[in-house]
Amino acid sequence: MAPYTIVYFPTRGHCEAMRMLLADQGQSWKEEVVTKETWLQGPLKASCLFGQLPKLQDGDLTLYQSNAILRHLGRSFGLYGKDQREAALVDMVNDGVADLRNLCGRLIHHDCEEDKARYMRDLPEHLKPFETLLAQNQGGQAFIVGNQISFADYNLLDLLLNHQVLTPGCLDSFPLLSAYVARLSARPKLKAFLASPEHVNRPVFGSRKT
């Protein structure tokens, strides 16, 4: 029996980073897919602590909130930096990823073309801090913090891969980020997951074809 259960909609959304982490760490998990129809019926939503998904079941521990889940998995697998200083930087990076993910998500789910165009225009400024962080860490040849992968790396990688789907070429002016995506995506277990039908056929956002 898989030690973890992920309860979420049939999209990548806020769950793909944790799936990447589990896959790369050689873990198995069970998926409980929630359809829009089931969610709109109400009882499942009412049973969720904050009225939202994802939900992670880890034995008798039930967790909500995607970033809390990532931090829990980070602690469980030693993916939280080598010391307190690195852990603080990992948290900082992850919060930055969460901010950009939320901004992107709000635009994707609304039909304001002017706002979407502004977002695409401003995207380089949103990505620049991550390029800077890479440059400051071993010249961009390692991870986003330190010399070992952290849960923030999986979250950042997922965000960057999503943007490459939504706006191809968005990393062309960011050589370190481009190399970072290629380097992490080539990790054997992660590469296998990214090539799997489960990942490939799962849309980035439920309200779009991507």
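Me: Before we look at the second largest pocket, where do the domain bounds come from?
Reply: Domain bounds come from an automatic or database domain assignment. Keep in mind, too, that this is a predicted model.

Me: Cool. So which domains help line that pocket?
Reply: Domain 1 (4-78 + 191-201) and domain 2 (84-187) each give at least three residues to the lining of the second largest pocket.

Me: How much space is in there?
Reply: The second largest pocket holds about 240 Å³. Its lining has 17 residues, and H14, P54, S66, N67 and N102 are the closest to the centre.

Me: What classes of residue make up the lining?
Reply: There are eight polar, seven nonpolar and two charged residues in the lining of the second largest pocket.

Me: And which helices supply at least two residues of it?
Reply: Helix 1 (16-24), helix 4 (66-76), helix 5 (84-108) and helix 7 (151-166) each do that.

Me: New topic: the open sheet. What's the strand order?
Reply: The open sheet has four strands in the order 2-1-3-4, and the pairing is mixed. At the edges sit strand 2 (29-33) and strand 4 (61-64), each paired on one side only. On average, neighbouring strands are turned by 20° against each other, ignoring direction.

Me: How many bridges join strand 1 to strand 2?
Reply: Five bridges join strand 1 (residues 4-8) to strand 2, and these two strands run parallel. In one of the pairs, T5 has K30 in strand 2 as its bridge partner.

Me: Which strands does helix 1 touch?
Reply: Helix 1 packs on the sheet and touches strand 1 and strand 2. The direction of helix 1 makes about 160° with that of strand 1.

Conventions: Residues numbered from 1 in each chain as written. Predicted model: local features only at pLDDT ≥ 70, side-chain atom pairs only at ≥ 80, totals over all residues. Heavy atoms only, no water. 1 Å grid on protein atoms, 1.4 Å probe; cavity = no way out; pocket = protein on both sides within 12 Å on 5 of 7 lines; lining within 4 Å. Points joined across faces, edges and corners; volume = space filled by probe spheres on them. Nonpolar A, V, L, I, M, F, W, Y, C, P; charged D, E, K, R; others polar. Pairing = 2+ DSSP bridges. Axes fitted to C-alpha atoms, helices over the stretch in contact; angles between N-to-C directions. Contact = heavy atoms within 4.5 Å.
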